[in-house]
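Dear colleague,

Please find below the structure that I agreed to hand over. I should be grateful if you would read the notes beneath it with the coordinates open.

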Number of protein chains: 2
Amino acid sequence: MRAEQQEQTRRRIVGAALELHRTVGPAASSFSAVADRAGVQRSTLYRHFPDDRALFLACSGQHLDEHPFPDPASVVSETGPEARAALGLGSLYRYWEEHETLVANVLRDGETDPVLHEVNELRMGAPIAAMRDLLVDAWPVAARTPRLRAMVALALDFRTWQTLVRRSGMATGDAAALMSATLARTAIDAEADAAA
Amino acid sequence: MRAEQQEQTRRRIVGAALELHRTVGPAASSFSAVADRAGVQRSTLYRHFPDDRALFLACSGQHLDEHPFPDPASVVSETGPEARAALGLGSLYRYWEEHETLVANVLRDGETDPVLHEVNELRMGAPIAAMRDLLVDAWPVAARTPRLRAMVALALDFRTWQTLVRRSGMATGDAAALMSATLARTAIDAEADAAA
DNA sequence: CTTTCAGTGAACGGGGATGTTCGACGAAAG
DNA sequence: CTTTCGTCGAACATCCCCGTTCACTGAAAG
């Protein structure tokens, strides 16, 4: 097949780009550098991916194909709020740990590059928002205060995991347990405040 | 005076650099851009600051002169652990809010640039570590578990404030109150676990 | 066997940053 | 009044990246 080899080349390019994104980050992955690492001419790269956006979308797409983001829906089996939080945070934190360098680079450079920022929102924004809602909704209505929502959002954030694990040396599992317990405490406070 | 005008030029340069650090961040503040904005020849800039490190140190020094970091020692007046946490987090969060863009840019680019990272540690690492210890030590020994230390470190982190305020829309004061209460809850859990 | 076409290799002009060097100017210091 | 010296303005060579173009080769498709 003709198209097969074309697809082959495309995969080599995306693979090379992902490697660079993991090591130096998207911002430092110039088209020249990607072409070099893929063993391909720059002109070839431009034919497959006319701009950054096309390349970013291909890379994030392939990465998520091979390493699916934790499915928010999987937490609905747990109905107890703290247990659901523990389950959700556990799977998310494991994902953060497994793909730390890539996520860290992509978030860092996304603060600067608007196109990358947009792709990040597209790829990670939706699932995390869904997870946030599912965790919050496990608590009784009275507990679902802005405070609780904020703590859930904080708990889900990549930087929170990174701070707990990399700066304080916690194990990823302990970090998830700590934040689940914290959410439970916050919910109790929230409900008490609502009653008063 | 001869030296006065020399000092004048130096200040113009540092001011211009700080402006750029606030707007686009240190990484995007090339020597050319700084010289342009300062209205100074590049050669002049190089005479005052031979390398990035010299310029970074001058900038951070001047900024901290004009906007001193919250003094960790000021929290010792409060002996109650939660009150001390509220005081410390309150002053720190106010600092984060007032200098958000500069801090955000400097932390982001520090992830990439080793020299900048070093300067960041030098300028912010020490005071934050001191604050962390003072907050932790307000609790009884039994409560000072790794968990509590980790939560204190998380509470002090710039990203935590940013997540609570910018992503969840909390007021800075509410964020400080929320995290103080959270620390208190964590300490209770920690002490209970230690007793068991 | 010929056509098609993805990929090659090389080059183009343009942009920006780097670090250094030089002569000339002009005002303060002696 | 003359020396000193910080600053200017300009130029240098070097490096990296950008987006595009073009003649070419070789193998799959017809």
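The notes below concern the surface near DNA strand D and then the interface between the two chains. Please bear in mind that this is a predicted model.

DNA strand D is surrounded by 19 residues, of which Met1(A), Tyr46(A), Thr9(B), Thr44(B) and Arg47(B) come nearest. By class, this surface comprises 4 nonpolar, 10 polar and 5 charged residues. Helix 2 (31–38) and helix 3 (42–48) of chain A each supply at least two of its residues, as do helix 1 (2–23) and helix 3 (42–48) of chain B. Helix 3 of chain B gives the largest share, with 5 residues.

On the DNA side, sugar or phosphate accounts for 60% of the strand D atoms within 4 Å of the protein, and bases for the rest. Two side chains approach phosphate oxygens of the strand: a polar atom of Ser30(A) lies 3.3 Å from one, and an N or O atom of Tyr46(A) lies 2.7 Å from one. Arg42(A), by contrast, places a polar side-chain atom 2.9 Å from a base oxygen.

Turning to the protein interface, 25 residues of chain A contact 25 residues of chain B. The buried area is about 2300 Å², with 59% from carbon and sulfur atoms. There are 6 salt bridges between the chains, including one between Glu111(A) and Arg159(B), whose closest N and O atoms are 3.1 Å apart. On the chain A side, helix 8 (146–156), helix 9 (158–167) and helix 10 (172–195) each give two or more residues. Helix 10 of chain A contributes the largest share, 9 residues. This side of chain A has 11 nonpolar, 6 polar and 8 charged residues.

With kind regards

Note on methods:
Residues numbered from 1 in each chain as written. Chains lettered and ligands numbered in written order. Predicted model: local features only at pLDDT ≥ 70, side-chain atom pairs only at ≥ 80, totals over all residues. Heavy atoms only, no water. Near = heavy atom within 4 Å. Polar contact = N/O pair within 3.5 Å; in protein donor to acceptor, adjacent residues only side chain to side chain. Helix = DSSP H or I, 4+ residues; strand = E, 2+ residues; numbered from the N terminus. Nonpolar A, V, L, I, M, F, W, Y, C, P; charged D, E, K, R; others polar. Contact = heavy atoms within 4.5 Å. Buried area = accessible area lost by both parts, 1.4 Å probe. Salt bridge = Lys/Arg side-chain N within 4 Å of Asp/Glu carboxyl O.
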